[in-house]
Amino acid sequence: MSIELLDRTRKVNHLLAETSGEKVAFSDICAMMGGFLGSSVFVISRRGKLLGAYINPDLRPIDGFRDAAVGSCAEERLNERFLSVLSTKENVNLETLGLDEYEAEGLTALIAPIMVDGERLGTFFLYREDKTYRIDDIILCEYCNMIIGLVMTTSLLAESGEETNKREAISSAIRTLSELEQRAVAAVIHSLGGMSGRVITSQLAAEYHVTRSVMVNALRKLESARLIRTQSAGVKGTKIEVLNDIAYDEFERIYNEKWNS
């Protein structure tokens, strides 16, 4: 291992240590790698979403990454070609990704699948001009690729845990509602037509043939469980914001089950 490679891996480790306990920004890793290797660097999810990007100002942009904003999606055709790469490929001719001969001229790429426990999570993609990737460059990319995979796995586990907590909160709240209150609050949530809106509870209660007090009590229980937020709008009714996206879907299910059956 060269001294330069050792120094670079230490800098990557330092970047991770600085963000310990915080969400690692993939674009920070891309920028560091781009500076080390004189490359434009991208982290792309399995579904083609751009999770991180660094566009090297000294390189010409390529088709599909000209306006590479984090959160945007790569072309489906391009992502399919990335996913067809099953092991790290260095010094790839960009014509194999669909670029024309003129656009690909002088450019060489490194494509590394992001894999954890045999599952494909995405693709680590770098390219540069008039310079091939050496063995030290490839080793550094493989190391960063491993780190990106671990970070992605941690993020997925956190999201899974958050969703579990949301579902448990919903189940607990629904258990506090009577059958009639479930029907009433499902009618309210359905009437919003989205995650927020305004309702006049007296009118809605009359429409669904339940008492206003039942409807109001049910909404108070959901607010206590922090599933919704309510705010009086005077004669214009009550503004309601659903704070839990899964709760919205669950009450839509209850609405269809109890009012459309």
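1. Leu 110 counts as buried because its relative accessibility is 0%, below the 20% cut-off for that class. The model is a predicted one. Leu 110 sits in strand β4, which covers residues 107–116.

2. The contacts of Leu 110 reach well beyond its sequence neighbours. Leaving out residues up to four places away in sequence, Leu 110 touches Thr 88, Lys 89 and Glu 90. Leu 110 also touches Phe 124, Phe 125 and Leu 126, along with Tyr 133, Ile 138 and Cys 141. Between Leu 110 and Arg 134 there are 11 Å from C-alpha to C-alpha, at a separation of 24 residues in sequence.

3. The largest nonpolar core holds 31 residues. Within this core, Val 185, Ile 189, Leu 222 and Phe 251 touch the most other members. Two or more residues each come from α5 (135–175), α6 (179–192), α7 (201–208), α8 (212–224), β8 (238–242) and α9 (245–259). Helix α6 gives the largest share, seven residues.

4. Ile 189 deserves its own entry. Beyond four places in sequence, Ile 189 is in contact with Ile 228, Val 242, Tyr 248, Phe 251 and Glu 252.

5. A second core is separate from this one and has 27 residues. Val 43, Ile 114, Tyr 133 and Ile 147 are among them. Tyr 133 is also one of the residues touched by Leu 110.

6. On cavities, the count is one of 30 Å³ or more. The largest cavity has a volume of about 30 Å³. Its lining consists of Asp 63, Glu 75, Arg 77, Leu 78, Leu 97, Gly 98 and Leu 99. Three of these lining residues are nonpolar, one is polar and three are charged.

Note on methods: Residues numbered from 1 in each chain as written. Predicted model: local features only at pLDDT ≥ 70, side-chain atom pairs only at ≥ 80, totals over all residues. Heavy atoms only, no water. 1 Å grid on protein atoms, 1.4 Å probe; cavity = no way out; pocket = protein on both sides within 12 Å on 5 of 7 lines; lining within 4 Å. Points joined across faces, edges and corners; volume = space filled by probe spheres on them. Nonpolar A, V, L, I, M, F, W, Y, C, P; charged D, E, K, R; others polar. Helix = DSSP H or I, 4+ residues; strand = E, 2+ residues; numbered from the N terminus. Buried < 20%, exposed > 50% of the residue type's maximum accessible area, 1.4 Å probe, protein only. Contact = heavy atoms within 4.5 Å. Core = buried A, V, L, I, M, F, W, Y, C linked by side-chain atoms within 4.5 Å.
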